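Thanks for coming, everyone. Today I would like to talk through one helix and its surroundings, so let me put the structure up first.

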Amino acid sequence: MPYWKILTPVGAYSDEDKQALSDSITDLYVDAVNLPRFYVVVAFEEVPAGSFYIGGKVHTNFVRVVIDHIARQIDTPQLQEACMDWIEMVLEPFVKERGFDWEVHVDETPIELWRTQGLVPPEPYSEQEMQWAKDNKPTPYEVLV
Amino acid sequence: MPYWKILTPVGAYSDEDKQALSDSITDLYVDAVNLPRFYVVVAFEEVPAGSFYIGGKVHTNFVRVVIDHIARQIDTPQLQEACMDWIEMVLEPFVKERGFDWEVHVDETPIELWRTQGLVPPEPYSEQEMQWAKDNKPTPYEVLV
Amino acid sequence: MPYWKILTPVGAYSDEDKQALSDSITDLYVDAVNLPRFYVVVAFEEVPAGSFYIGGKVHTNFVRVVIDHIARQIDTPQLQEACMDWIEMVLEPFVKERGFDWEVHVDETPIELWRTQGLVPPEPYSEQEMQWAKDNKPTPYEVLV
């Protein structure tokens with residue numbers, strides 16, 4: 001969590017662009033909600049021109065971002081707005097400033113149905129999660145029941 | 001919104017097929033729920049034969065449609081059924097009549113966690129949404145609070 | 001349902017691997033919740049190295065599993081845990097034992113917004129579903145209203 005799928009035209013971004021955007025996305029979640037860095041997964045998918053349609057028309061200049069949030073659920077309109085503002089801020093240099101059209105939506109999925117490296121991730125903001133963030137990797141821990 | 005991902009065998013559809021199917025999908029949402037045309041995003045993904053399994057067997061003739069609904073939530077069994085009937089009607093010429101097997105499912109995601117072109121989309125069926133539909137593009141507008 | 005999307009590095013799995021993993025996944029759902037085999041859809045997606053980022057770093061050794069559950073919803077913490085344990089058990093020989101890092105999450109989507117082969121799937125655990133399981137294909141049936 002979060003899981004970002006970024007659909008782009010073929011060749012839209014260089015490896016350096018993808019690296020820079022992934023960095024910005026990761027920084028966002030670390031800064032905003034203290035996520036361990038390794039929680040942030042970004043996958044780019046290049047969509048061939050004849051395979052991407054907006055409003056029934058081939059679009060060759062469109063970036064579509066599809067996000068699943070798992071580790072943090074947003075429960076107030078204020079936080080929803082802030083979250084989307086942050087996401088747009090991160091995207092802007094890679095979409096608006098490059099002349100792409102773009103759209104983004106986020107789904108929230110159950111935290112209980114998520115494992116990383118075979119482990120149940122620690123409670124949000126728990127001491128163990130802070131440890132994972134510090135280590136930047138999932139380490140086995142004792143689950144208190 | 002809606003966001004359609006259509007997984008097909010390699011070469012299943014020509015560019016003309018993809019254009020025609022995307023047109024039908026877009027018409028559906030415009031006619032049924034007055035969406036602005038540009039809300040409708042369709043991305044095709046060709047899955048290589050050895051990478052697509054149904055019931056544990058390689059399937060080389062299968063179309064899998066995965067849809068996210070964002071701008072409109074369906075809240076009665078009658079509308080759910082109608083929605084799926086419409087979707088099947090649109091798909092039929094491109095799946096059943098072509099001899100493909102097929103399956104479709106829709107998820108609904110929070111309208112609050114969605115932006116297009118950096119803008120908060122107007123309320124469903126609002127005057128502003130009608131304006132976007134007429135313009136067929138998102139234009140900045142004054143949000144009344 | 002279920003719909004599994006498995007993102008891997010290019011060349012991570014041979015056709016035999018993909019066949020074996022798809023078989024294990026299918027067996028899991030048949031054994032655990034009596035699903036018809038053909039309900040289980042698995043699609044592999046190879047992500048080029050410079051397009052897959054974990055924690056803002058290129059990762060060339062990561063398997064990301066994204067699952068939609070449709071036909072069965074899980075409604076107790078015990079079943080959620082059991083479900084994820086089963087999924088990990090199936091994945092382990094293909095991730096941990098191969099030296100891949102991995103992560104998995106499941107979303108649950110509305111059963112009412114799902115059709116297979118144009119048909120409304122029968123009620124979970126109904127006689128008709130058992131018939132579909134036995135036939136391993138969807139056959140038209142009389143819907144009692």
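In H2(A), the buried residues, meaning those under 20% relative accessible area with a 1.4 Å probe and protein chains only, are Gln80(A), Cys83(A), Met84(A), Ile87(A), Glu88(A), Val90(A) and Leu91(A). They cover an arc of only 160 degrees around the axis, taken from the directions from the helix axis to the C-beta atoms, which puts them on the same side of H2(A). The face turned away from that buried side carries Gln78(A) and Met89(A), which are exposed, that is, over 50%.

I should say that this is a predicted model, in which local features need pLDDT of at least 70 and side-chain atom pairs count only at pLDDT 80 or more, while totals for chains, interfaces and linings use all residues. Residues are numbered from 1 along each chain as its sequence is written, chains are lettered from A and ligands numbered from 1 in the order in which they are written, and side-chain values use heavy atoms, with hydrogens and water left out.

What covers the buried residues of H2(A), counting contact as heavy atoms within 4.5 Å, includes S1, H1, S5 and S6 of chain A together with S7 of chain B. H1(A) and H2(A) pack at an angle of about 155 degrees, with their axes, lines fitted to C-alpha atoms over the stretch in contact, 9 Å apart, the angle running from 0 to 180 degrees between N-to-C directions. That makes H1(A) roughly antiparallel to H2(A), a label for angles over 145 degrees.

Note on methods
Helices (H or I, at least four residues) and strands (E, at least two) are DSSP runs, numbered from the N terminus. Angles under 35 degrees count as roughly parallel, over 145 as roughly antiparallel, 65 to 115 as roughly perpendicular and the rest as oblique.
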